Amino acid sequence: MVKTLASPPHRLILFLQQSSVEWCSSLWLDAIREIDPTFRRTMIVISKFDNRLKEFTERWEVDSYLSASGYLGDNIHPFFVALPKDRGTISNDEFRRQICQVDIDVLRHLRDGVKGGFNEEKFGPYIGFSCLRKYLESELQKRYKEAAPATLALLEQRCSDVSMDVSRLDSKLQATSDVSQLRRSAMLHAASICTHLRALLDGAADPAPEVWGKTTEEEQMHSGINSWPGISVPVKPPNSSLKLYGGAAFERVMHEFRCATYSMECPQVSREKVANILLAHAGRGGSSGMTEAAAEIARAAARSWLAPLTETACDRLAFVLQSLFDLAMERSRTDDSRYQNVENMDGYVGFLAALRCSYYKFVKDLSKQCKQIVRHHLDSVTSPYSHICYESDFLGGVGTVANTLHRFNQFSGVASFDLSESGSLEEGQENLPPRDQQQMTPPAKANEREILKESQLTVPETPSPDLPADMHGGKKKDNGNMNDGGARKRHARMAAYANRSHHNNVTVGGDDLVSRSGSSYSSICSISAQYFAKMREVLIERNVPSALNSGFLTPCRERLFLALGFELFAVNDEKFMDMFVSPGAIDCIQNERQSLLKRQKILLSCLSEFKNISRTL
């Protein structure tokens, strides 16, 4: 504490030490050398000098002690003082008289009690309390005189600054009744906030990111969104440990969204869901039942799992934008302090609250619109009319799974598959008709079926003894469908087929299909996963980033001030003044003005008194 108080260069140091302490053992002398090495502003005072006098008998002893024997510089002379012994209650005048008497007694002893006396010419001005008093008064007067011009100028500058602050508050109080002036100041402040918001989005390092920025973990905690839906492992994008804000934090959230989306695989689909979709498509006829089934499974997975991720991304980006308001306010305060003609709006609490609410509402509306746009992109990608799953470059890269799918698609009797875990066919029952039915098929018909095109293949039907033989020999259309049987004949054939299959425990199928039901299930799941990955890639690489950038950043750069101005200033004067005449704002300004008036009064009094002192120095 002593070192701290004595360190400022404009302060004088009074070093007091008892005469019983030898120079060589003085610990505080070393401390003084650290603070003031040259003793330029240090005065050394040796107290209780009368107790040391009886130790001196020769002149050289006195002169050696008074000169500090080389422990101090040649130009450093300590003062030697003694105080009266009487500790009783006496008046001030009596105490001064006793001090003078002690000084006289000390000098008499040095002259008469020591053999040869002492070097009075050299050490006389430094012995006695009266000599110390004269030196201190002269030194203080000298210091005051040297510092008077700078101190006087500083007082005048502070008085001028306080007067300007009082005038500014008077103008602000007067402006509370001037609607046009308030509108102008409020619009300038809103424009300044919008300008700083654009600067933060474009990239800025002021204010300090170390103080105002947030890490990914802090963003998640403050936004209340601690994880991505459907993602069990924590997502750590690059730069997640850095404190970022503005456009940098926006891009980091976008990258985190990509990482979260690509870390999600196509969810596992139960056999029941596959069977429901696959059998329904098979009932429609055609040769692409399993292709459509796999695509439909992928569409459902994309809609149910990617939609929550996109909504979470919109919420996180909205939080990043909303956090910029406080940073823009801080930048605006810094700029206002640089320019005296800029109106400071800190006292108008109601207006600042309305400005913040309008900005938050603007960002919230942007988030809602972005969610709708991204949802539209997701619906477009997962639409049955989308060609994403049927692009040639995608289907060509599927490989063996595509061949398997093609083989399954050649068989239109998909409805006869058993996809349950226990429903695998035994080796003797793999889609083979009964032996007697194999013999009933004429060789010519068999050869004719082999050369049919893909669109002309039909499901081989098992003849039933309950049906006339001519039902199985009826004519067929070119595309492989029945010509004139109608729904009634088809229903009869299906009933007979089901009855026959039940008695024979046989699944009917084409001669070229030999895969079990487990193979069909795994093939559909594999193709669905690739379809899902394709839809995810289109969304993440093509649609969503551009939609979010144009949906969030472009409006903030181009129409933020217009939206804020329309909500805050496109109102009548009465509603506009409600933001400024609140009791809190007026009281705050008046209290600040009263405080400045008190300070102004004190400074003016100090200035007047110091001018009078300066004239006497």
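A residue counts as buried when its relative accessible area is under 20%. That cut-off will come in handy as we tour this predicted model, one close-up at a time.

**Figure 1. Strand E2 is covered on both of its faces.** Start with the strand where the cut-off matters most. On one side of E2 sit Thr42, Ile44 and Ile46, on the other Met43, Val45 and Ser47, and all of them are buried. Put as a count, six of the six residues of E2 are buried. Strand E2 spans residues 42-47 and runs parallel to E3, to which two bridges join it. One position to look for is Val45, which stands opposite Phe79 in E3.

**Figure 2. Three strands form an open sheet in the order E1-E2-E3.** The pairing in this sheet is parallel. Strand E1 (13-18) and strand E3 (79-80) are the edge strands, each with a single partner, so one side of each has no neighbour in the sheet. Helix H2, residues 27-35, packs on the sheet and touches E1 and E2. The direction of H2 makes about 170 degrees with that of E1.

**Figure 3. Strand E1 has one covered face and one uncovered face.** Ile13, Phe15 and Gln17 belong to the covered face, while Leu14, Leu16 and Gln18 belong to the uncovered one. Six bridges pair E1 with E2 in the parallel sense. Two residues of the covered face make good landmarks: Ile13 has Thr42 as its bridge partner in E2, and Gln17 stands opposite Ile46 in E2.

**Figure 4. Phe39 has a positive phi in the loop between H2 and E2.** Most residues other than glycine have a negative phi. The value for Phe39 is near 55 degrees. Is Phe39 buried or exposed? Its relative accessibility is 8%, so Phe39 counts as buried.

**Figure 5. Asn239 also has a positive phi, near 65 degrees.** Here the backbone belongs to the loop between helix H9 (216-223) and H10. With a relative accessibility of 47%, Asn239 counts as partly exposed.

**Figure 6. A cis peptide bond joins Asp206 and Pro207.** Most peptide bonds are trans. For the bond shown here, omega is about 5 degrees. Pro207 lies in the loop between helix H7 (179-202) and helix H8 (209-212).

**Figure 7. The largest cavity holds about 90 Å³ of space.** In total, the structure has five cavities of 30 Å³ or more. Which residues come closest to the centre of the largest one? They are Lys214, Leu244, Tyr245, Val320 and Ser323, out of 13 lining residues. The lining divides into eight nonpolar, three polar and two charged residues. Helix H10 (246-262), helix H12 (289-322) and helix H13 (324-338) each supply at least two residues of that lining.

**Figure 8. Glu256 is a buried residue of helix H10.** Its relative accessible area is 1%, so Glu256 falls under the 20% cut-off for buried residues. What surrounds Glu256, once neighbours within four places in sequence are left aside? Glu256 is in contact with Thr216, Gln220, Trp228, Val235, Pro237 and Arg316.

**Figure 9. Leu152, in helix H6, touches residues far along the chain.** Helix H6 covers residues 129-175. Not counting residues up to four places away in sequence, Leu152 touches Leu607, Phe610 and Lys611. Take Lys611: 459 residues separate it from Leu152 in sequence, yet their C-alpha atoms are 7.3 Å apart.

**Figure 10. Lys371 is a partly exposed residue of helix H14.** This helix is made of residues 349-381, and the relative accessible area of Lys371 is 28%. Beyond residues up to four places away in sequence, Lys371 touches Glu311, Cys314 and Asp315. Lys371 and Ala547 are 176 residues apart in sequence, with 9.6 Å between their C-alpha atoms.

**Figure 11. Stepping back, the protein has 23 helices and three strands.** Of its 617 residues, 40% are buried. Among contacts with a separation of 6 or more, 82% link residues 24 or more positions apart.

Note on methods:
Residues numbered from 1 in each chain as written. Predicted model: local features only at pLDDT ≥ 70, side-chain atom pairs only at ≥ 80, totals over all residues. Heavy atoms only, no water. Pairing = 2+ DSSP bridges. Helix = DSSP H or I, 4+ residues; strand = E, 2+ residues; numbered from the N terminus. Contact = heavy atoms within 4.5 Å. Axes fitted to C-alpha atoms, helices over the stretch in contact; angles between N-to-C directions. 1 Å grid on protein atoms, 1.4 Å probe; cavity = no way out; pocket = protein on both sides within 12 Å on 5 of 7 lines; lining within 4 Å. Points joined across faces, edges and corners; volume = space filled by probe spheres on them. Nonpolar A, V, L, I, M, F, W, Y, C, P; charged D, E, K, R; others polar. Buried < 20%, exposed > 50% of the residue type's maximum accessible area, 1.4 Å probe, protein only.
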